[in-house]
Amino acid sequence: MSTSPTATRAPALDTILRGFLVGGFGISWVLWTPAGLDLRGSINLPLPLPLPPTLLVVLGSFGPMLAALAVTARHGGWAAVKELLGRLRFRGVAGRWFVLALVLGSVTVVPALVHLFTGGSTDADAVASHLAAVPLHFFVVSTVGGGLDEELGWRGVAQPQLQLRMSPVPANLLLGLVWAAWHLPLWSDPDSTRAAYPFVVYAVVIVGHSLVTGYLYNASGGSLLIAVLVHGMNDTGDGIRYAVLGQAGDALGWQLLLAAASLALGAAFCLHTRGRLGLPAGPVEAPDSRPGLVDGVDPNLTARDVLSRRPGRRPQACHDVPAPQVNQPVETSAPHPQHQGSTTVIRSVPQQPPAPQQPTEEMLVPQFFIRQQVTVMVNRYEIRAANPDGSEGHLLGFAEQKRLKLKEEVTFFADESRTRPVFSFKARQRLDVHAEHDVFDEYGQPLGYFRKDFAASLLRSTWDLHAPGVDAVGRERRPLIALLRRFWRVIPWLGDIWVPFVFHFDFVDRNTGQVVLASERQKAIRDRYTVTVPDLRLDFRVAAAMAVALDALQSR
């Protein structure tokens, strides 16, 4: 028997995916096939209770969910099941993904809109009656009518598994075909809306849905809730379409239009993301450059690791905190960080760190500049001193932020070689809607912390900043610009286009009312900021961490 890494890894991955597909198809088809034949009149089901065969259709839709839970528990245990279900939470998902899920899921309404805009007639009373029930309809189809009961499997297990084997577009195209094939027994029901048009057309519609849903799932950081919502909106739009078109909704012409619209929308996201569908480069996160990997994947990855991997999530060798100070060396008896290859390991920081200390004199910097450098996988920031004439001076630090990490962390280095970390900030928990982050010095000692005020930030970004002697609140200086930025971000595709929104932040001490930190964005295509620290109580490292976070975390 071969002992190569690929030989040892393939069975684990194949077992997970095969188990899910066999279980999902098996549960659904065992219930759907006799139900469809009964509805067609081919057989008479000897049901013990006077229940309609349509009940079996509803129960069969839970096949993917049950299979996903079973295979997750089998290969990852209860911890993996909790992680899977945890992706259904609202917490930590940016508001724009909810808006996009509802907007993009409405593609199924396109034929109805075309019908109305071209002067087609409709039963106004029937449409009004249906629209009044849309909220209830949306809730039902999102929970027990195709949303939750399907997406827990399709996105929670199948999509991550396929994206470990192939790039995102082929993975989601294949998943779309599998998803469509799963519905095949429903064509046995002569009263089903699906039976009114060819399966091939339906498959094209589903493939388009798969590309869009796959993009939203990846780009939102692996949120199953977003996948459930877009699926529920697809089905809700189907109901609206039939309410407007009536029996004409079964016409092949309208179904072809829907297929074209769905596929075009999916293709647009493939082009817009250059084939990544919301993922960074690589099968899951471009780990190909790390030694010991086979085809960009760790051959020692366990079943639980595979099940729990989300888009943008990087397996971590440790959960220790690289932290530090500025460019100047420090005389201390504390143990220096140990370097293992390119990974810096520093002793772990407790969940409730001791109280921060007052900054030393060399850590008081009244003004500095931040310039962003954007690369494919990381955001990088140069922090430079301000010369007496206001120009940029020498390098104070170099910050690096990994993109799409579930537990945000930014490390500041002494220079661009990134060999010596000097301080850092790190999120307290994964996908935290309040974005609570602690700032640490070189040896993991706390310097302060900051958090986002989620409720206040819905209309105007608001942050709380805490350091020794400092209790400040920071807000966008101009409320109108804050509203315009939010409106722009929720527009599909256009929201990624740079626009000249120059926004500034002022942090004011709650006790004195005096400004302790001001960050002003310069008029430039690439993000550049002038940061002023008039309050001598505020450590430069805390000020720099907060200023970088205003750019790095602003859209999280």
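Select residues 446-452, strand S9, together with strand S10: the two run antiparallel and are joined by 4 bridges. The model on the screen is a predicted one. Within this pairing, display Phe 450 and look across to S10, where its bridge partner is Leu 465.

Next, select S10 by itself, residues 462-467; 6 of its 6 residues are buried. Show the side chains and consider each face in turn. Thr 462, Asp 464 and His 466 lie on one side, while Trp 463, Leu 465 and Ala 467 lie on the other, and both sets are buried.

Now add residues 470-476, strand S11, which pairs with S10 in the antiparallel sense over 6 bridges. Here His 466 has Asp 471 in S11 as its bridge partner. Which residue in the turn of this hairpin has a positive phi? Gly 469 does, with a value of about 80°, and the turn places 2 residues between S10 and S11.

Move on to helix H16, residues 540-552. The end C-alpha atoms are 18 Å apart, which agrees with the 18 Å expected because each residue of a helix should add 1.5 Å. Of the 13 residues in H16, 13 are buried. At the start of the helix, select Asp 539 and Arg 541: a side-chain oxygen of Asp 539 comes to within 2.8 Å of the backbone nitrogen of Arg 541.

Finally, turn to two spans that an unreviewed UniProt entry annotates as "transmembrane region", among them residues 169-187 and 199-217. Residues 169-187 are 74% helix and 0% strand, with end C-alpha atoms 28 Å apart. Residues 199-217 are 100% helix and 0% strand, and their end C-alpha atoms lie 26 Å apart.

Conventions:
Residues numbered from 1 in each chain as written. Predicted model: local features only at pLDDT ≥ 70, side-chain atom pairs only at ≥ 80, totals over all residues. Heavy atoms only, no water. Expected span 1.5 Å × (residues − 1). Buried < 20%, exposed > 50% of the residue type's maximum accessible area, 1.4 Å probe, protein only. Polar contact = N/O pair within 3.5 Å; in protein donor to acceptor, adjacent residues only side chain to side chain. UniProt positions renumbered as here; feature names shortened; annotations may be inferred. Pairing = 2+ DSSP bridges.
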